[in-house]
Amino acid sequence: MSGRLLVVGGGPAGLATAIHAAQAGREAVVIERQSGVIDKACGEGLMPAGVAALARLGIDPRGLGRPFRGIRYIDGPHSAAADFAHGPGLGIRRLALHEALSARAAALGVARVEGRLRALSQDADGVQLTLGSGAQLRGGWLVGADGLRSTVRGLLGLGLPPVRPRRLGLRQHYAVAPWSDHVEVHWSPGAEAYVTPVGPRLVGLAMLVTGALPERAAGGPPGQTPFDRLLGLFPALRERLQGAPVASHVRGAGPFETRVARRRAGRVLLVGDAAGYLDPLTGEGLKLGFLGAEAAVEAIVRGRPQDWERDWRRITRRYYLGTAGLLALTGQPRLRRWMVPLLARVPWVMGGVLRSQSWGRPRTMASTAASA
């Protein structure tokens, strides 16, 4: 049992962790409370480093979604765009991604146990889990990849209180042909809207807002949902989507900020959103989850779990710096309204930021990559 890796959380980060473990010759067991293919509110954009990480999991990204070549910021009449330097990103429906990861994990012999984690304990040789059904599982190591509201993190007492204003997100799909080969980020005084091409006739629209979702204004049309009210903040986008068939239910997420005291406690490592998260503003969540899964497994395989904290900081450093800067900007309306016009005048700034999206491959994953 000492070589068995238990993974709590069957989302992308958890499945990626189990796949890397199996590719490295380890027995892996995923514990997930939901059955079947799991959907989630997500911007569904995978940055180039994330596309490369998906390939190292043994999954061919071609045919899974729709490539996009960069990011375009739009604020009223102003627009600024830049392309990635080393290959495209990938817009991929969350359901399609989860299905591909699940199939890859199953092909490698990864076991799946459906259940809710109730308790955990550990000793010098391994970790013991107790599920809500009373069933018990034991392994040499445990990875908590169970998201923003991580049960593993809670049981270990590793969470810290948030310090920033809360941010919320909503997502819906429209059955319409993508009109751009960029991910579009629309700015308004009260929210941001992200349009991601995810299929030949499918776009995803995710919206982020600080504070509370907008309420219906006096005299406004009855029956408006919070999503409709947010879309009303972007007249050009609303007009473009007018009459387009809705292709999914609205899903929400947030608050997003997740602060963690540390990402390792004995034989337990935290990965993905469970390890800490700031905001989806830069669209890097999936990429960070894949890279983190890769590095965490490598640390375990090499017998150096103490490296995981350092590796996590290395992987997420640019994300935290960039996202913190954009969040500071969103809180300053006078500065915010000048962001897109400024980027349009100095496009090399945005290009430099996007070039960093190809960065992030863990440095010592040769053994895992070779066996993919």
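Two strands pair if DSSP finds at least two bridges between them. That is the sense in which I will use the word for this model, which is predicted.

I will begin at strand E1, residues 5–8. E1 and strand E12, residues 141–144, pair in the parallel sense, and four bridges hold that count. One position to look at is valine 8, whose bridge partner in E12 is glycine 144. E1 also pairs with strand E2, residues 28–32, again in the parallel sense and over four bridges. Here leucine 6 of E1 stands opposite valine 29 in E2. To get from E1 to E2 the chain passes through helix H1, residues 12–23, and this β-α-β crossover is right-handed.

Are the faces of E1 covered or not, and by which residues can we tell? Both are covered: Leu5 and Val7 lie on one side, Leu6 and Val8 on the other, and all of them are buried.

Now the helix in that crossover. The axis of H1 comes within 9 Å of the axis of helix H3, residues 94–107, and the two cross at roughly 25°. Angles under 35 degrees count as roughly parallel, so H1 is roughly parallel to H3. The crossing of these two helices is left-handed. As for the residues that meet, H1 contributes Pro12, Leu15, Ile19 and Gln23. On the H3 side they meet Arg94, Leu97, His98, Leu101, Ser102, Arg104 and Ala105.

Next, strand E15, residues 182–187. How many of its six residues are buried? The count is six of six, and the strand is described as mostly covered. His182, Glu184 and His186 point one way from E15, while Val183, Val185 and Trp187 point the other way. All of these are buried, the histidines and the glutamate included.

E15 has strand partners that run in two senses. With strand E5, residues 70–75, E15 runs parallel, and five bridges join them. With strand E16, residues 191–199, E15 runs antiparallel, joined by four bridges. E15 and E16 form a hairpin, with three residues between the strands.

Glutamate 184 is a useful place to stop, as it takes part in both pairings. Opposite glutamate 184 in E15 stands arginine 72, and in E16 the bridge partner of glutamate 184 is valine 195. Glu184 is also one of the buried residues of E15, on the side that His182 and His186 point to.

That is the tour: E1 with its parallel partners E12 and E2, H1 against H3, and E15 with E5 and E16.

Key
Residues numbered from 1 in each chain as written. Predicted model: local features only at pLDDT ≥ 70, side-chain atom pairs only at ≥ 80, totals over all residues. Heavy atoms only, no water. Buried < 20%, exposed > 50% of the residue type's maximum accessible area, 1.4 Å probe, protein only. Right-handed = clockwise from strand over helix to strand, strands pointing away. Axes fitted to C-alpha atoms, helices over the stretch in contact; angles between N-to-C directions. Parallel < 35°, antiparallel > 145°, perpendicular 65-115°, else oblique. Left-handed = near helix turned anticlockwise from the far one by under 90°. Contact = heavy atoms within 4.5 Å.
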